[in-house]
Amino acid sequence: MIVAIQKRGALKGSLMGTARILRCNPFVKGGYDPVPDYFTLKRNPHPDKKILN
């Protein structure tokens, strides 16, 4: 959450950090989840998957 606040500011960083903490439960697949380069409340896509625009 600290990195999210440093990258996105207090409001967006707090929202992103809170969303990440809420994903910490037994029903969500775990793994490495760094702060993305853009604002989103969703989990980062898996690095092996290609995103088609």
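## Contacts of Leu15

Contact here means heavy atoms within 4.5 Å. In this predicted model, Leu15 touches Phe39 and Leu41 when residues up to four places away in sequence are not counted. Leu15 is found in helix 2, whereas Leu41 has its place in the segment after that helix, which spans 10–22.

Leu15 counts as partly exposed because its relative accessibility, 42%, falls between the limits of 20% for buried and 50% for exposed. The C-alpha atoms of Leu15 and Ala4 are separated by 8.9 Å, with their positions eleven residues apart along the chain counted as the sequence distance.

## Overall make-up

The protein chain holds two helices and zero strands. Of its 53 residues, 21% are buried. The accessible surface of the chain comes to about 4,600 Å², and carbon and sulfur atoms account for 64% of that surface.

Contacts in the chain can also be sorted by sequence distance. Among those between residues at least 6 apart in sequence, 30% join residues at least 24 apart.

## The nonpolar patch

Which residues make the nonpolar surface patch of about 390 Å²? They are Leu11, Leu15, Phe39 and Leu41. Two of the contacts described above fall within this group, since Leu15 touches both Phe39 and Leu41.

Leu41 counts as partly exposed, at 43% relative accessibility. Patch residues need over 30% relative accessible area, so the 43% of Leu41 satisfies that cut-off. The 42% of Leu15 satisfies the cut-off too, because the limit is over 30%.

## A charge over the ring of Phe39

Phe39, one of the patch residues, also has a charged neighbour. Lys12 lies over the face of Phe39, at 5.3 Å from the ring centre. As for pairs between aromatic rings, the count in this model comes to zero.

## The salt bridge between Lys7 and Asp37

Side chains of opposite charge can pair when their charged atoms come close. How many salt bridges does the count give? The count comes to one salt bridge. The side chains of Asp37 and Lys7 meet in a salt bridge, at 3.7 Å from N to O. Lys7 belongs to helix 1 (residues 2–8) and Asp37 to the segment after helix 2, so the pair ties together parts that are 30 residues apart in sequence. From C-alpha to C-alpha, Lys7 and Asp37 are 8.5 Å apart in space.

Asp37 is exposed, with a relative accessible area of 67%, whereas Lys7 is partly exposed at 41%. Not counting residues up to four places away in sequence, Lys7 touches Val35 and Pro36 as well as Asp37.

## Ile2 in helix 1

Helix 1 also includes Ile2. Is Ile2 buried or exposed? Ile2 counts as exposed, with 63% relative accessibility. The C-alpha atoms of Ile2 and Val35 are separated by 10.0 Å, and the two residues are 33 residues apart along the chain. Val35 is also one of the residues that Lys7 touches.

## The buried Arg23

Arg23 has its place in the segment after helix 2. Arg23 counts as buried because its relative accessibility is 17% and the limit for buried is under 20%.

Which residues is Arg23 in contact with, leaving aside its neighbours within four places in sequence? They are Val28, Asp33, Leu41, Lys42 and Arg43. Leu41 therefore appears in the contacts of Arg23 as well as in those of Leu15, where contact means heavy atoms within 4.5 Å.

Note on methods:
Residues are numbered from 1 along each chain as its sequence is written. This is a predicted model: local features need pLDDT of at least 70, side-chain atom pairs count only at pLDDT 80 or more; totals for chains, interfaces and linings use all residues. Side-chain values use heavy atoms; hydrogens and water are left out. Patches are made of residues with over 30% relative accessible area and no salt bridge: like charges are joined within 9 Å, nonpolar side chains (Val, Leu, Ile, Met, Phe, Trp, Tyr) within 5 Å. Accessible areas come from the Shrake-Rupley method with a 1.4 Å probe; for residues, only the protein chains shown count as cover. A salt bridge is a side-chain nitrogen of Lys or Arg within 4 Å of a carboxyl oxygen of Asp or Glu. Helices (H or I, at least four residues) and strands (E, at least two) are DSSP runs, numbered from the N terminus. Buried means under 20% relative accessible area, exposed over 50%, partly exposed in between (1.4 Å probe, protein chains only). Rings of Phe, Tyr and Trp (its six-membered ring) pair if their centres lie within 6.5 Å; planes under 30 degrees apart count as stacked, over 60 as edge-to-face and the rest as tilted. A charge sits over a ring if NZ of Lys or CZ of Arg is within 6 Å of the ring centre and within 35 degrees of the ring normal.
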